[in-house]
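Okay, thanks everyone for squeezing in. I've got a few minutes on strands and charged pairs, so let me put the structure up.

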Amino acid sequence: MSIKWIRNLASLAVLAIIASMTPATFAGVENGKTAPGFELKNSHGKTVSLSDYKDKYVVLEWINHQCPFVKKHYGPGNMQSLQKQYTEKGVVWLSICSSAPGKQGHLTANGWMQAAKDHKMASTAVLLDEDGKVGKMYGAKTTPHMFIIAPDGNLIYQGAIDSIKSPRSSDISSATNYVAEALDAHMAGKEVPNPITKPYGCGVKY
Amino acid sequence: MSDRLAIFSVVCLLIAGCLTPVTQAQGLFGRSPAKATLLSQQTSIQPGQTFLLGVLVTPDDGWHTYWINPGESGLPTKIQWELPAGFNAGDIQWPTPHVFEMGGILGLGYEGPALLTVPITAPRQITDDSLTIKAQVSWLVCKEACIPGRASLSITLPVKDVTPKVDPANEALFKTTLTQLPKPLAADEQSVSIKDRKLTITLPTMALPHAVFHASDESLIELGSEQEVTVKGKVTTITVALSMYAPKTITQVRGVVVANPHDKPPKAYAVDAAVKP
């Protein structure tokens, strides 16, 4: 029995019974509320906890290097330059891979150490979420899918990397980068102009 | 796969790449697992008349392309027309989409060939004996992986001031596609209201107990969220929560009501209504 069949059922009563059988549950997170904590292994095999970065801005970036929308931003170095620019300002940038073993984009810890070098990634850490628990807790649907946590622990942005939904790197220069916009605004004590946008990209390979 | 078989496959792919005609799809990173061709419903262009062109997007087995609202990931197929002077192209008439699921992520689109028909209007005065219409088509095709593809397509048709003939080669495909398009609802057959961030679609003339609504705007409702369907006599109402991405102000709602997604092909109705205050 497929999920789409389940999800298309009109009857609420039947839905309520069957919903508990749906394998993938996306909890999702709400802006303005405390971002849920998590612990994941990084590419060096060390356990990293969100609570390690108390009082700092934390960017969560869902990643799969084989996804064309990720390539769009890594090919010309756009994602890496954002990582560099903001980690230099004290922001913690965590690139999280929720691809299940055997699925596209999945790499072992060693594989990620190499990939981080190959792609000249400048994130604080690459975290492995092989069972997809953290991805589903945050409601990560696409690669890329971006979340920003403020120093007080509250979520201030979730959504797309930028405003032009395409796989073409040539569109980057004319797009509004929502992550930079949100970080810059919040750091300046201003309201985040676009705190929630619909992400675009490949589906996360849970 | 043995090494020999692997090499053989690669060589086949390379040869296929060399032999590809103009209409063959090109992925950004090699051959795309979908191809696109530009077809005409009729064999000639009559000045001042509207006719249908169609972009047939055919994914390989197991792959799919996307509807105008792709769902939780993906991208809709796009057509950029290069028309002769005085010609106009209308919007894509999207066939009824299917819902598909990959690793818990839901999408809307087509698991088989989809003919995206577009009305083209010719000007009253045409001096040429024949004209070429070009279309730049881009799409995203996904299976487990997603691959963007694009093609530069063109079609040349003679200009004749007579009632055009239907092209027998494409007749069946156009006919099937057009009869299966979502049927536009009249103003008195649909109404839309929003209350407490919940959207209600009312169809006052149809009893559709298995109905599912898909919005054309991907930010409006979350694909897969619960839809409450009630039928009273011949009145169907569908209520669904707006998604967290929905705009603050919504004045018009467009989309399709699929009567029963398990029917093959499913009947569908096109909703296009102003939101009642």
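I'll go through one strand and its partners, then some salt bridges.

Before that, a reminder that this is a predicted model.

So, strand β20 of chain B, residues 268–276. Which way does β19, residues 252–258 of chain B, run against β20(B)? Antiparallel, with seven bridges joining the two. If you want a spot to look at, Val256(B) has Ala270(B) as its bridge partner in β20(B).

Then there are the parallel pairings. β13 of chain B, residues 183–184, pairs with β20(B) over two bridges in the parallel sense, and Lys183(B) is bridged to Tyr269(B) there. β14 of chain B, residues 191–195, also pairs parallel with β20(B), again over two bridges; look for Val192(B) opposite Val275(B).

Right, salt bridges. The count is nine over all chains. One of them crosses between chains: Lys165(A) meets Glu218(B), at 3.6 Å, N to O. Lys165(A) sits in the loop between β8 and α7 of chain A, and Glu218(B) in the loop between β16 and β17 of chain B. Buried or exposed, what's Glu218(B)? Buried, because its relative accessible area is 17%, under the 20% cut-off. Lys165(A) is partly exposed at 29%.

Within chain A, Asp171(A) pairs with Arg168(A), closest N and O atoms 3.3 Å apart. Asp171(A) is buried at 14%, while Arg168(A) is partly exposed at 33%. There's also a network of salt bridges with shared partners, taking in Lys141(A), Glu72(B) and Glu222(B).

Last one: Glu88(A) and Lys84(A), at 3.1 Å between the closest N and O atoms. Here Glu88(A) is exposed, at 58%, and Lys84(A) partly exposed, at 48%.

Terms used: Residues are numbered from 1 along each chain as its sequence is written. Chains are lettered from A and ligands numbered from 1 in the order in which they are written. This is a predicted model: local features need pLDDT of at least 70, side-chain atom pairs count only at pLDDT 80 or more; totals for chains, interfaces and linings use all residues. Side-chain values use heavy atoms; hydrogens and water are left out. Two strands pair if DSSP finds at least two bridges between them. Helices (H or I, at least four residues) and strands (E, at least two) are DSSP runs, numbered from the N terminus. A salt bridge is a side-chain nitrogen of Lys or Arg within 4 Å of a carboxyl oxygen of Asp or Glu. Buried means under 20% relative accessible area, exposed over 50%, partly exposed in between (1.4 Å probe, protein chains only).
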